[in-house]
Amino acid sequence: MSTHVATMLTRPAGASTGPQVRPLASALGAEIIGLNLATHLTHDSVQLVLDSLHRHGVVVVRDQKLTPDQQTAFMEKLGPIKKSSYSRANSFCVPGYPDMMVISNIVENGRNIGLMDAGAMWHADGTHLAQPDMYTALYALEVPHRDGKPLGDTLFTSTAEAYDALPDALRQRIAGRKAVHSFTHHIEKKRRLGDLRRPPLTEAQKAEVPDVEHPIVTTHPVTGRKNLFVTEGHTARIVGLPEAESEALLEELWAHIRKPEFIYRHSWRVGDLLIWDNRATQHLAIFDYGDLRRRMHRLETVGPVPT
Ligand SMILES: [Fe+2]
């Protein structure tokens, strides 16, 4: 971390005590310390999280102790909670909370208690939907360790910084173009790569999530910043281009998006509530923990149609 970043401790305007926001990397990422969302779910607390999120793309609120009700109460302040039929159909939800997905490799009574292959390719959440997710909040209950080091990191990249740094020629090639996002494509690509660790989609599940088109460059609904909205995980092709040209252009964009200068790598601690902005970032899970227990609870909010 640079000295510049380390000295940028900030508090909310006018406050001499209270929560602190500290950037974690140059392109994106910040941590908030001294904020208890279970006991102080106030307008100011929520605004601090939202402001930090819009400035830094991904924010970790440290040292939380949240029940599913408390995580839900927080998330409802950020927007309408996404209804997860997938979680329900596969019994990956927290019992009694049909929209809260368990992300876990733990097997109990012969079955996985949660989704165990989430995030194997770079993606933003829900881009295969007409109204992709706005914010995602993932709460860490169990974090695997080996030799004292946390495992199962999550990488984030700033798609806004990536857009700003795009060479002019590449920017012109994608101007005004749209791309197809597809959950079926995502699951089949994951299976081809050998990364699928959940049942294949049923015909009913495929029918539930028809392919959608979104602009390749979208404008953030709050900040107004432009960002690249094509992902390795869910973008199937660019509309109006021959297949080979579409594939080559997508590969070029994905290679640009995952350049090290746009990335923050999050090492998890139990009690982290990590919130990210799907309209300004993408993420990738690192599967380096084998059977060591990892367990998290996820909620998402619905965002507007991307434009
Ligand atoms: Fe995700």
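How many bridges pair strand 12 and strand 13, and in which sense do the two strands run? In this predicted model, strand 12 and strand 13 pair over 4 bridges, in the antiparallel sense. One place to spot the pairing is lysine 178, which stands opposite proline 215 in strand 13. Strand 12 (residues 178-181) also has an antiparallel link to strand 16, this time through 3 bridges. Here alanine 179 has isoleucine 238 of strand 16 as its bridge partner.

Put together, these strands make an open sheet of 3 strands in the order 13-12-16, with antiparallel pairing. Strand 13 (212-215) and strand 16 (235-238) sit at the edges with a single partner strand each, so one side of each has no neighbour in the sheet. On average, neighbouring strands here are turned by 35 degrees against each other, direction ignored.

The side chains of strand 13 are worth a look too. In a regular strand, side chains alternate between the two faces of the sheet. Strand 13 does just that: Val212 and His214 point to one face and are buried, while Glu213 and Pro215 point to the other face and are not buried.

Next comes a helix. Helix 7 (residues 183-192) has Phe183, His186 and Ile187 among its residues, and these three are buried. They end up on the same side of helix 7 because they cover an arc of only 90 degrees around the axis. The general rule behind this is simple: an α-helix has 3.6 residues a turn, so residues three or four places apart point the same way. After helix 7 comes glycine 194, with a positive phi near 80 degrees.

Now for the bigger layout. The protein chain is divided into domain 1 (3-119 + 131-148 + 263-302) and domain 2 (158-257). The C-alpha centres of the two domains, domain 1 and domain 2, are 24 Å apart. Where they touch, domain 1 gives 13 residues to the contact and domain 2 gives 20 residues. On the domain 1 side, helix 4 (85-89) and strand 19 (281-285) are the elements that give two or more residues. Sorted by class, that side of domain 1 has 6 nonpolar, 5 polar and 2 charged residues.

Strand 19 turns up again in a second open sheet. This sheet has 3 strands in the order 17-11-19, and the pairing is antiparallel. Strand 17 and strand 19 are at the edges and have a single partner strand each, so one side of each goes without a neighbour in the sheet. Neighbouring strands of this sheet are turned by 20 degrees against each other on average, with direction ignored. Strand 11 (residues 154-158) pairs with strand 19 over 5 bridges in the antiparallel sense, and threonine 154 stands opposite alanine 285 of strand 19.

Two residues from the edge strands show what surrounds this sheet. Leucine 284 lies in strand 19 and counts as buried because 20 other C-beta atoms lie within 10 Å. Setting aside neighbours within four places in sequence, leucine 284 is in contact with Gly119, Met121, Trp122 and Leu155. Methionine 121 is 163 residues away from leucine 284 in sequence, yet their C-alpha atoms are 5.7 Å apart in space. In strand 17 (residues 263-266) there is tyrosine 264, which is buried because it has 24 C-beta neighbours inside 10 Å. Its contacts, again leaving aside neighbours within four places in sequence, are Leu24, Ala25, Ala27, Leu28, Gly29, Val58 and Phe156. From tyrosine 264 to histidine 283 there are 19 residues in sequence and 9.5 Å in space, C-alpha to C-alpha.

Glycine 29, one of those contacts of tyrosine 264, leads to a hairpin. Strand 1 and strand 2 form this hairpin with 6 residues between the strands, and glycine 29 takes a positive phi near 100 degrees there. Strand 1 (residues 20-23) and strand 2 are antiparallel, paired over 4 bridges, with valine 21 opposite isoleucine 32. Strand 2 (residues 30-33) also shows alternating side chains: Ala30 and Ile32 are buried and point to one face, whereas Glu31 and Ile33 point to the other and are not buried. A parallel pairing appears here as well, with 3 bridges joining strand 2 to strand 3 (residues 58-61). In that pairing, glutamate 31 has valine 60 of strand 3 as its bridge partner.

Note on methods: Residues numbered from 1 in each chain as written. Predicted model: local features only at pLDDT ≥ 70, side-chain atom pairs only at ≥ 80, totals over all residues. Domains from an automatic or database assignment. Contact = placed C-beta atoms within 7 Å. Nonpolar A, V, L, I, M, F, W, Y, C, P; charged D, E, K, R; others polar. Buried ≥ 20, exposed ≤ 12 C-beta atoms within 10 Å, placed from the backbone. Pairing = 2+ DSSP bridges. Axes fitted to C-alpha atoms, helices over the stretch in contact; angles between N-to-C directions. Arc of directions from axis to C-beta.
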